[in-house]
Amino acid sequence: MNIPQSFLELLKIDVDRYPVIAVVGGGGKTSLIFRLTRELREKGKTVIVSTTTRMDYEPLRPFAPDGNTEKVRKDLKEHGYTIAAHKNEDSKISGLTEEKLMELKEICDVMLIEADGAKHLPIKVPAEWEPVIPQFADLVISVVGLDSLGKPIRKTAHRMERTADFLRKSMDAPITSEDIVKIASSICGLLKNVEDRVYRVYLNKADVLEEQETAEEILEELEQRQIIASFGSIEFPGTIQDDVHAPGNFITEEADA
């Protein structure tokens with residue numbers, strides 16, 4: 001599978017109109033966020049990455065503890081991006097207050113916020129308190145892992161009981177293309193709390209499919225529901241060190257909360 005040239009183009013994201021982007025859904029959110037960060041930096045945009053839930057702490061990336069404004073400005077000048085969050089004792093980072101995030105968004109071009117957790121599983125149906133999308137977010141991207149297809153709900157879904165109830169299936173039932181369309185397009189699924197914001201869907205892990213037609217069929221179904229979507233796989237050559245120090249390389253991490 002060819003690596004797409006631009007995820008911003010694939011997902012039709014105009015960051016000049018929609019500079020605050022929240023990412024929700026299944027595994028791959030963190031990787032998508034850093035891919036978008038990469039592309040934005042190449043366009044000369046400054047980016048702040050944060051979360052309203054929890055993310056893995058990556059010590060090789062620029063980090064502004066507690067969203068320290070002076071450190072944020074320094075990182076934006078030196079690296080073009082930074083991660084602004086609280087550092088926890090369990091090697092995780094957690095979100096800042098909405099007021100602090102609103103303050104920080106004024107000093108960057110684009111803010112990318114991980115607004116959901118999935119414990120690395122490819123799909124989820126959110127609980128009552130999820131996702132945690134900031135009120136000032138302009139656009140929401142939901143991520144769904146196509147590697148869930150054909151596998152039991154209990155092995156692929158975060159909030160598996162809730163997912164089974166939502167799909168009206170047993171937890172041993174396999175995930176189907178129709179299930180993914182339903183999860184991605186329902187206000188009780190990944191459209192939850194999106195409200196009147198711009199909405200996109202990214203179907204991740206398309207490289208594991210035996211037939212690409214399956215992803216294309218899901219795409220067509222979403223488009224019939226007036227949802228802009230794309231599919232592919234968020235995998236690149238390079239390392240985190242390369243991403244921080246040498247702008248010519250991409251990251252490989254598939255980390256996700």
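Two residues are said to touch, or be in contact, when heavy atoms of one lie within 4.5 Å of the other's. With that in hand, we can start our walk through this predicted model at leucine 146. Leaving out residues up to four places away in sequence, Leu146 touches Ile180, Leu203, Asn204, Lys205, Ala206, Val208, Leu209, Ala215, Ile218 and Phe231. Leu146 also belongs to the largest nonpolar core, which has 49 residues. Together with Met111, Tyr199 and Leu203, it is one of the members that touch the most others in that core. A second core, separate from this one, has 29 residues, including Phe7, Val49, Met55 and Leu139.

Let us move on to strand β1, which covers residues 20-25. How many of its residues are buried? The count is 6 of 6. In a regular strand, side chains alternate between the two faces of the sheet. Here Val20, Ala22 and Val24 are on one side, while Ile21, Val23 and Gly25 are on the other, and both faces are covered.

Strand β1 also has partners to follow. It runs parallel to β7 (residues 110-114), and 4 bridges join the two. Within that pairing, valine 20 has methionine 111 as its bridge partner, and Met111 has already appeared among the core residues that touch the most other members. Strand β1 runs parallel to β9 (residues 139-145) as well, this time with 5 bridges. There, isoleucine 21 stands opposite leucine 139, a residue of the second core.

Next comes helix α8, residues 213-224. Its 12 residues should span 16 Å at 1.5 Å a residue, and the C-alpha atoms at its ends are 16 Å apart, so the expected and computed spans agree. Which residues of α8 are buried? They are Ala215, Ile218, Leu219 and Leu222. These residues cover an arc of only 100° around the axis, so they sit on the same side of α8. Among the elements that cover them are α7 (177-185), β11 (198-204) and β12 (228-231). Two of the buried residues, Ala215 and Ile218, are among the contacts of Leu146, where our walk began. Just after the helix, glutamine 226 takes a positive phi of about 65°.

The loop between α7 and β11 holds arginine 197. Is this arginine buried or exposed? Its relative accessible area is 11%, and because buried means under 20%, Arg197 counts as buried. Its side chain reaches the backbone oxygen of proline 134 at 3.1 Å. Beyond its neighbours within four places in sequence, Arg197 is in contact with Ile133, Pro134, Gln135, Ala137, Asp138 and Val140.

Finally, a few spots in the backbone deserve a look. Most residues other than glycine have a negative phi, and most peptide bonds are trans. Glutamate 130 and proline 131, however, are joined by a cis peptide bond, with omega of about -15°. Proline 131 lies in the loop between β8 (123-124) and β9. Lysine 12, in the loop between α1 (7-10) and β1, has a positive phi of about 50°. This lysine is exposed, with a relative accessible area of 54%. Serine 91 also has a positive phi, of about 65°, and is found in the loop between β5 (81-87) and β6 (92-94). At 46% relative accessibility, Ser91 counts as partly exposed.

Conventions
Residues are numbered from 1 along each chain as its sequence is written. This is a predicted model: local features need pLDDT of at least 70, side-chain atom pairs count only at pLDDT 80 or more; totals for chains, interfaces and linings use all residues. Side-chain values use heavy atoms; hydrogens and water are left out. A nonpolar core is a set of buried Ala, Val, Leu, Ile, Met, Phe, Trp, Tyr and Cys residues joined through side-chain atoms within 4.5 Å. Buried means under 20% relative accessible area, exposed over 50%, partly exposed in between (1.4 Å probe, protein chains only). Two strands pair if DSSP finds at least two bridges between them. The expected span of a helix is 1.5 Å times one less than its number of residues. The arc is that of the directions from the helix axis to the C-beta atoms. A polar contact is a pair of N or O atoms within 3.5 Å; within protein, one must be able to donate a hydrogen and the other to accept it, and residues adjacent in sequence count only if both atoms are side-chain atoms.
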